[in-house]
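Biologist: Please take one part of this model and go through it closely, strand by strand where that applies. I would like a connected account rather than a list.

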Amino acid sequence: MSTFDETIVALATAQGISAIAVIRLSGKDCISLVQKVFKGKDLTQQPSHTLHFGTIHNGDKPIDEVLVSVFREPNSFTKENSIEISCHGSPVIVKEIIKVLLKNGARLATPGEFTKRAFLNGRFDLAQAEAVADIIHAETDNARQAALNQMRGGFSKEIQHLREELIHFASLIELELDFGEEDVEFAKRDDLKKLIHNIRQYLRSLIGSFDQGNVIKNGIPTVIAGKPNAGKSTLLNALLNEERAIVSDIPGTTRDVIEDEMILGGISFRFMDTAGLRETSDVIEAIGVERTRESLRKASLILYLFDLTQSSIEEIRHEADEIRQLNIPVIYVGNKMDGASPALLKQVEQEDFVLISASQKKNIQALKDKILSRFHIQVKQGDVLVTNVRHYQSLKQTDDALNRVLSGMDGGITGDFLAMDIRQALHYLGEITGEVTTDDLLANIFSKFCIGK
Ligand SMILES: Nc1nc2c(ncn2[C@@H]2O[C@H](COP(=O)(O)OP(=O)(O)OP(=O)(O)O)[C@@H](O)[C@H]2O)c(=O)[nH]1
Ligand SMILES: [Mg+2]
């Protein structure tokens, strides 16, 4: 029996108590398999996309009253015969129903196996299959829209189209090789160059979209840093509106990095409160300071805090210059404006600072607005964005390979090497949409899915 003949089963809804739970099955024989434990209508005689009330039995013992949906190949998610059983959402019922289905010949689905079958049965390409996982895990509306756009085709069609054109050229060049010594040129080199330029232009726009795509999918690591007692933990709490981190007037309170997520303007920000930056002989605090530096290096945005009651404008400028050298986007925040001298307030105002009072929650909204002005993103229907690192890497590898093709042509390399370089580019391009796959690649992708998807 090939893998595809097997009937797979899994809970499709979340674990735990719920109003309804959905158990799904897929495979050639799944309808007759469910029929063996179902009392109601004869499911094997029912048309696709119909719903039937009945009872699931284990032998003579009824387990639950259920609704069974029947989908017939190829008009289902997996393109195979499929069934969805909606039962009462009790973990015991779910367990008993799955158990009796297993006893009657089904086997448990592996993570992402329904989607994998859908892909292997040609329902969609690999990039679209991956978007299915992304849409489930989307935490913001932007992430949802980006995943939906990709699931609906995104860049897949265009890539497939460009790939076909490139395959055409590769075959012409290979045909030239068959003619050996004869000086034939089926593949017009100028046309090939033009095509490669077109492809590269498209690839570049996709590669360029990854900065934004990555932010949309993974959020923005935002580090709150500054000297001890600047009010970093107070600010984290004010941003999150909860007492997340310990606040005290003892410098060196925070040691571990404290992290929490918040969605602002459709983007997820991961705020990290860190140990205050200073030289210290305290061993544990020193480890904390090292962690701060490490977080700073990985940050996409830094909120750098100054205690306006403790610093002079010269000190502030000096510290700000040091931070600027990290070359990471930074927003300078003057904290404790409630206790600062009017003279200093005036001076920092000219330096493009956001002035706040974290403990009094003053100007927190202004700070949020400032943060958002740096990351104004709104994904619209139809926007094509690369959000997946795997796609990003393959796109870059394709671009490099095409660059080799071009420089090879300029250097007058022979047809056989030219063909090899083009085949290499085709390989990377095919990896994105899944024309080229390996078992490892598929296993790696689908293992990240939930069971039941
Ligand atoms: N007056 C005033 N005091 C503040 C403000 N924000 C924080 N503080 C006080 O400053 C002290 C230090 O605050 P924290 O938030 O613990 O400072 P921190 O930067 O996290 O300090 P470390 O974790 O030690 O690096 C506390 O006593 C806070 O109450 C403010 O806006 N105005
Ligand atoms: Mg702190």
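Modeller: In this predicted model, the open sheet to look at has 6 strands in the order β9-β10-β8-β11-β12-β13, with mixed pairing. Its edges are β9 (258–264) and β13, and because each of these has a single partner strand, one side of each has no neighbour in the sheet.

Start at the β9 edge. β9 is joined to strand β10 (residues 267–273) by 7 bridges, and the two run antiparallel. Within this pair, I263 has S268 in β10 as its bridge partner.

At the other end the pairing is parallel. Strand β11 (residues 301–307) and strand β12 (residues 330–335) run parallel and are held by 6 bridges. Y304 is matched there with Y332 in β12. Between these two strands the chain passes through helix α11 (residues 313–324), and the resulting β-α-β crossover is right-handed. The next step reaches the β13 edge: β12 pairs with strand β13 (residues 354–355) in the parallel sense, over 2 bridges. G334 lies opposite L355 of β13. Here the connection from β12 to β13 goes by way of helix α12 (residues 342–349), again as a β-α-β crossover that is right-handed. As a general point for reading such pairs, side chains in a regular strand alternate between the two faces of the sheet.

Two loops that involve helix α9 (residues 232–240) deserve a look at the backbone. N229 sits in the loop from β8 (220–226) to α9. Its phi is near 70 degrees, which is positive although N229 is not a glycine. N229 counts as buried, because it has 23 C-beta neighbours inside 10 Å. The loop between α9 and β9 holds N241, whose phi is near 60 degrees and is likewise a positive value in a residue other than glycine. N241, however, counts as exposed, because 10 C-beta neighbours lie inside 10 Å.

Helix α9 also leads to the ligand. The shell around ligand 1 takes its largest share, 3 residues, from α9. There are 25 residues around ligand 1, and those that come nearest are G231, S233, T234, T254 and G276. By class, the shell consists of 15 polar, 6 nonpolar and 4 charged residues.

To place this part in the whole, the domain assignment gives domain 1 (3–109), domain 2 (122–209 + 384–453) and domain 3 (227–374). The centres of domain 1 and domain 3, taken over C-alpha atoms, are 54 Å apart. Another open sheet has 7 strands in the order β3-β4-β5-β6-β2-β1-β7, also with mixed pairing. Its edge strands are β3 (38–39) and β7 (107–108), each with a single partner, so each has one side without a neighbour in that sheet.

Over the full chain there are 16 helices and 13 strands. The radius of gyration is 29 Å, well over the 22 Å from the globule rule for 453 residues, so the protein is more spread out than a compact globule. The C-alpha trace spans about 85 × 80 × 40 Å along its principal axes. Of the 453 residues, 38% count as buried.

Methods: Residues are numbered from 1 along each chain as its sequence is written. Chains are lettered from A and ligands numbered from 1 in the order in which they are written. Two strands pair if DSSP finds at least two bridges between them. Helices (H or I, at least four residues) and strands (E, at least two) are DSSP runs, numbered from the N terminus. A crossover is right-handed if, with the strands pointing away from the viewer, the path from the first strand over the helix to the second runs clockwise. A residue is near a molecule or strand if its C-beta atom, placed from the backbone, lies within 6 Å of it. Ala, Val, Leu, Ile, Met, Phe, Trp, Tyr, Cys and Pro count as nonpolar, Asp, Glu, Lys and Arg as charged, and the others, Gly among them, as polar. Domain bounds come from an automatic or database domain assignment. The radius of gyration is taken over C-alpha atoms; the globule rule is 2.2 Å times the number of residues to the power 0.38. A residue is buried if 20 or more other C-beta atoms lie within 10 Å of its own, exposed if 12 or fewer, and partly exposed in between; C-beta atoms are placed from the backbone.
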